[in-house]
Structure formats: C-alpha cells, structure tokens
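Please read these notes with the model open beside you. They are numbered so that you can take them one at a time.

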Amino acid sequence: WNVYGRQRGHFIIPMQRMLSLAVCSHSNTSVLRRPLHTTLGLSALTNYELIRSSMLLHLCASSVLVQAASRLLQAATDVPRVIGLPALLAARHTVFTQFAAGEDVHAVCHTAVRLGECGVRCIVDHSTEEATHVEARRKNLYSKLELLSMLARELPDSCAFVPIKPTALVSPLLLERLTASMSTSASDPLDDAMRSLDEKEQAELRSDIGGLRQLCAHARAIGIPLLIDAEQTHRQPAIRLLSRELAAEFNSLSAGTPILYYTQQAYLLGAKAALRAELVLARQKEYTFAVKLVRGAYRAAESVNNPSTLQPSKADTDREYDGCVDLLVRELAESEQSVGRPCASVAVLLATHNRASIEHACKLMQTFGLATAHSRVHFAQILGMADDLTLTLGVSGFNSLKLVPFGAFEDVLPWLLRRLEENQDALGAAAEERPLLRGEIRRRLSANFSTAV
C-alpha cells in the first residue's frame, strides 16, 4: 500500500520494522544499493506520481526537448492568454505538479505530511525574484518574515530550512560594485570593501544588510535556519562577505544551532581552497561555518561571461565536489574527536542529485563514526527530482530534505523553467532513477495482477 494513502497508519509500522531488519542485515552495504530500502522509499509515491515521474524524467533527459519546452512556455506567457492557454495548461498539470507543492501553504502542508512518512523534511521556498528598487526589496523582506512566521505555525516540525535569494533583499548593483572593489584576499573586511561606495550607496547597503539581520534574528527566534543562495561570480564575493558578517553574529559557538548557511559552488575553480579559507576564518572568529554545497546553477551564463572561473569539465566538477565533501566531513568529525589540531565547528547541507556523491558522503560518515542522523549533516534534492534518493535516505535514517517550492503558477513558472535548465545535467543523469521507477511500476502491476487472479 502507498504510504500516503488510506492505509498510511497501517503501513508505517511494518515499514519501520522492515527497515530495522534491513539495516541489521546489510550493515556493510551502501543504503542506496539495498533493494529493500529503495522499494520502501518508492512506495511513498502514488501510481500516478510514479508514471508521471517516469515520463517526465525520460523527456527531460533530452536537453533539446527541455530548451524547446522552455522557449514555448516563455512565449506562451508573452502572448495573449487565450493563445498561450493550451501550453500553460499542459505545464500546470505536468511540470508544475511534478516540481512544486502547489499554490499555497496548505499544499505545502499536504506534501510535508506525505514526505514525513518516509522521514523526509522540507526546505520551503516561496520564490522571490531579483529586486533593483528599495521598495521592492523591503516588500520581499516583509514577505519572507511573514513566511517564516507562517511556517513556524503550520509546519513546526516539518520545515527544516528556508532559502533566501540575496539579490531579492540586497541591491544587485551594489553587490556588483562591492565585488569589483574587492582585492583577491580571502578575508576582505566588509567595512573596508564598502569604502569604495559613496555615502548614499553605503547607507542603502547598510539598510539592506539591516534587513538581512532582521530576517536572521526572526529565523533564530522561531528556530528555522536560512540558506543564502549563490549568485553569479560578479556578485558572489560580496555575498560571501555579507554571509561572514552575519555568520559571526548568528552562528556563534555559544548560540548552538547555526542559523545562516552560505552556499559554495563546486563548479568554480578553487572551491575546496575557498572552503579551507572559510574554515580558518570561522575558527578564528569562533562561529560555526554552515555551508550548503552545490555543484552550481549558472554554468551556462558563466561559460559566456566568466569562463576562466569554471572547472574544465563535469568530471572535474564531480571530483571537486567530492573533495569538498571529504574536507567538510573530516573537519566535522575531527572537531568532535579532539584530534590534537585546531578544528572549526562545521554544519553541512549536501544539495546534490548525484548518486555517487551521496554514496561517497554516506561512506565517509560511517568511516568517521558520524551518526546517520547527525544534526550537522543534511542531504537535499528538489521536489520531483531524484525522489528515490531522497526517500531512500529518509527511510534509512539520514537527515533527508526536499526543496519544496510553492506559489501562484504564474509566479513559480519562471523559477521552475530556470531550475529545469540549470539542472539539465542532473535530469540527463537520471539514468539510474528511471529504471527504478519503471521497476516499481512493473512490481505494482504484477502485484495487482496476482491479487486479481
């Protein structure tokens, strides 16, 4: 029976018992390679969701189809509604339902309950876009504050994190100006970098930073940490400075749980070296370096604007990502084991759809004796992508998360289209997921046929 269906209460207990047996009998096998675990994870999807996921992931494996669909939907939003209606209706019932929870918080709650049956929590994202005007940024701030309060009321146990887009809250132009003025030093103090701005610009930037500080304070008060998203390289160094400034205040060792997670992109050259520098600064200033590790979302744009900053190939990016995982997991383990050298306090969220990288991280945790459900290690994937990974990690006891976007279809569609294009490598690499989905469909059909007979 489906974990999300009418027999949910009768299914979850035997599932947990089966899981305990699986853990005992396969202790030396990667959890992602245990058939029972994968079956238990996929059992959380309805028949319709399995078929829809299998079909969409098959279609999305083609970059030509994804790009063509993106252009078609973009054109549909630019023409009179009657003309574009068929394409938009198709997107609402396929792409939107696959990768978004729905249009309101009630839909998010429904999704959270379903994911929770498999031990998966949510990163809830009500997407906001880049804002160049002060009034728009203030509106975005109040909207995010209201969202945090609502999630604390409606999803106190299910919402693990909330993402924030820096350029929706801080002037994009000033971030670019600040980045351009910075030296190559890994530790440019924010005040020094701001001297390149005139008085009016400094006042505007300080006001925006004040908004971020207000958001962090509210997040700390209600206990929902924030994930500050990465931007392109002509803005990211300034965001790094802001993140350090806020982390020193809200991730202090005395505060306990870190509130602000910085994002490191592994497709950039020197990603591992950059993490080492951040660990040194965090140790010196006595705060927890909390980081979301991603491969990166802007490769297409960066390959045109700043190709010299990128890893030469996907294979190089994969090696860099796994090297960053090595560094962070080792630092976390050694910081708890008194190894005789100074170590930084670390928290890491591994946001990846790459099965090999997740298996690598799980093995490292086992090697260093870190608990499966260690409070400082999380794994995350986007809703509708790599569901077998997320659900399998969840039923196996890891801190497993789904990025759950929601909002009005017209507002979320541009975000979804960007994510589809940005994650084309992950969609194209779903070769291992698609057979699992098809296998689960065949298993259910066979079980239904046997029952009927």
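1. Which residues does glutamate 433 touch, leaving aside its neighbours within four places in sequence? In this predicted model, glutamate 433 is in contact with Leu57, Arg355, Met385, Ala386, Asp387 and Asp388. Alanine 386 lies 47 residues away from glutamate 433 in sequence, yet the two C-alpha atoms are 6.7 Å apart in space.

2. Glutamate 433 belongs to helix α20, which covers residues 433-452. Is glutamate 433 buried or exposed? With a relative accessible area of 4%, glutamate 433 is buried, because the cut-off for that word is under 20%.

3. The strands β1-β2-β3-β4-β5-β6-β7-β8 form a closed barrel of 8 strands, and their pairing is parallel. On average, neighbouring strands of this sheet are turned by 30 degrees against each other, with direction ignored.

4. Start the barrel at β1, residues 120-125. Of the 6 residues of β1, 5 are buried, so the strand is largely enclosed by the rest of the structure. On one side, β1 pairs with β8 in the parallel sense over 6 bridges, and valine 124 has valine 404 of β8 as its bridge partner. β1 also pairs with β2, again parallel, over 2 bridges. There, cysteine 122 stands opposite cysteine 159 in β2.

5. How do β1 and β2 fit together with a helix? Helix α7, residues 134-154, joins β1 and β2 in a right-handed β-α-β unit.

6. Further along the barrel, strand β3 (residues 226-228) is joined to strand β4 (residues 260-265) by 2 bridges, and the two run parallel. Leucine 226 has leucine 260 as its bridge partner in β4.

7. Two helices that lie across strands deserve a look. Helix α6 (residues 105-116) lies across β1 and β8, at about 155 degrees to β1. Helix α11 (residues 199-222) lies across β2, β3 and β4, at about 150 degrees to β3.

8. How many disulfides does the structure hold? The count is 0. Cysteine 109, for one, is in no disulfide, and the nearest cysteine sulfur, that of cysteine 122, is 9.1 Å away. The pair does not qualify because a disulfide needs sulfur atoms within 2.5 Å. A disulfide is a covalent bond between the sulfur atoms of two cysteines.

9. Two cysteines can be checked for burial. Cysteine 109 is buried, at 16% relative accessible area. Cysteine 362 also counts as buried, at 12% relative accessibility.

Definitions and conventions:
Residues numbered from 1 in each chain as written. Predicted model: local features only at pLDDT ≥ 70, side-chain atom pairs only at ≥ 80, totals over all residues. Heavy atoms only, no water. Buried < 20%, exposed > 50% of the residue type's maximum accessible area, 1.4 Å probe, protein only. Helix = DSSP H or I, 4+ residues; strand = E, 2+ residues; numbered from the N terminus. Contact = heavy atoms within 4.5 Å. Pairing = 2+ DSSP bridges. Axes fitted to C-alpha atoms, helices over the stretch in contact; angles between N-to-C directions. Right-handed = clockwise from strand over helix to strand, strands pointing away.
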